[in-house]
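Open the model in your viewer and keep the selection tool at hand. The tour goes one selection at a time.

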Amino acid sequence: MIGRVILYGWLASWILLFAGLGTMEWAMETGDPVFMKGFTLFMVFVVFSWLVIRHKKEVDKASDEFDRWFDRTFGDEG
């Protein structure tokens with residue numbers, strides 16, 4: 001269960017990564033006081049990446065389960 005939460009959280013955090021980088025860049029270019037908001041969004045990705053590294057075995061198992069589900073659902077007719 002923990003592997004699935006970490007895996008799907010990490011995948012969703014990619015969106016936050018780009019949103020955070022864009023927000024930080026916007027803050028540096030315009031001077032708007034939103035740098036810390038962007039940094040917080042970016043740090044969500046960093047934390048989930050650290051969790052993936054720390055719980056590699058559980059995340060690998062969840063990834064394999066997802067692969068099997070995907071193949072059953074959409075057919076592996078390669």
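Start by selecting Trp69, which sits in helix α3. The model you are looking at is predicted. Is Trp69 buried, partly exposed or exposed? Its relative accessibility is 38%, and because the partly exposed class runs from 20% to 50%, Trp69 counts as partly exposed.

**The patch around Trp69**

Keep Trp69 selected and add Tyr8, Leu11, Trp14, Phe18, Leu21, Phe66, Phe70 and Phe74. Together with Trp69 these residues make up a nonpolar patch on the surface. Their combined accessible area is about 900 Å². Colour the patch by element: α1 (2-30) and α3 (56-74) are the ones that supply two or more residues each. Which element gives the most? The answer is α1, with five residues.

**Rings in the patch**

Now show the aromatic side chains as sticks. The structure contains eight aromatic pairs. Zoom in on one of them, Tyr8 with Phe66: the ring centres are 6.4 Å apart and the planes stand at 75°. Because an angle over 60 degrees is classed as edge-to-face, this pair gets that name. Tyr8 belongs to helix α1 and Phe66 to helix α3, and 58 residues separate the two, so the pair links distant parts of the chain.

Check how open each partner is. Tyr8 has a relative accessible area of 39%, which makes it partly exposed. Phe66 is partly exposed as well, at 33%.

Next select Phe70 and Phe74. This aromatic pair is tilted, with 4.7 Å from centre to centre and 50° between the planes. Both residues are in helix α3, four residues apart, which is about one turn of the helix. Phe70 has a relative accessibility of 39% and counts as partly exposed, while Phe74, at 53%, counts as exposed.

To see how the rings join up, select Tyr8, Phe66, Trp69, Phe70 and Phe74 at once. Ring pairs connect these five residues into a cluster.

**Salt bridges**

Hide the rings and look for charged side chains. How many salt bridges does the structure hold? There are two.

For one of them, select Arg4 and Glu65, whose side chains meet at 3.3 Å, N to O. Arg4 is in helix α1 and Glu65 is in helix α3, so this salt bridge ties together parts of the chain that lie 61 residues apart in sequence. Both ends are partly exposed: Arg4 has a relative accessible area of 38%, and Glu65 has a relative accessibility of 27%.

For the other, select Lys56 and Asp60. The closest N and O atoms of this salt bridge are 2.8 Å apart. Lys56 and Asp60 are four residues apart in helix α3, so about one helical turn separates them. Asp60 is partly exposed, at 35% relative accessible area.

**A buried serine**

Move to Ser13, in helix α1. Is Ser13 buried or exposed? It is buried, with a relative accessible area of 1%. Show what surrounds Ser13: leaving aside residues up to four places away in sequence, it touches Val44, Phe45 and Phe48.

**The whole chain**

Clear the selection and switch to a cartoon view. The protein chain has three helices and zero strands, and reading along the sequence gives the pattern α-α-α.

Turn the model and look at its overall dimensions. The C-alpha trace spans about 50 × 30 × 15 Å along its principal axes. A compact globule of 78 residues would have a radius of gyration near 12 Å, but this chain has 17 Å. Of its 78 residues, 18% count as buried.

Finally, turn on the surface. The accessible surface of the chain comes to about 6000 Å², and 67% of that belongs to carbon and sulfur atoms. If your viewer can draw contacts, show those with a separation of 6 or more: residues 24 or more positions apart account for 63% of them. Two of the pairs already visited bridge helices α1 and α3: the aromatic pair of Tyr8 and Phe66, and the salt bridge of Arg4 and Glu65.

Notes. Residues numbered from 1 in each chain as written. Predicted model: local features only at pLDDT ≥ 70, side-chain atom pairs only at ≥ 80, totals over all residues. Heavy atoms only, no water. Patch = residues over 30% accessible without salt bridge, like charges linked within 9 Å, V, L, I, M, F, W, Y side chains within 5 Å. Areas by Shrake-Rupley, 256 points an atom, 1.4 Å probe, with all protein chains shown as cover. Salt bridge = Lys/Arg side-chain N within 4 Å of Asp/Glu carboxyl O. Buried < 20%, exposed > 50% of the residue type's maximum accessible area, 1.4 Å probe, protein only. Phe/Tyr/Trp six-rings, centres within 6.5 Å; stacked < 30°, edge-to-face > 60°. Rg over C-alpha atoms; globule rule 2.2 N^0.38 Å. Contact = heavy atoms within 4.5 Å.
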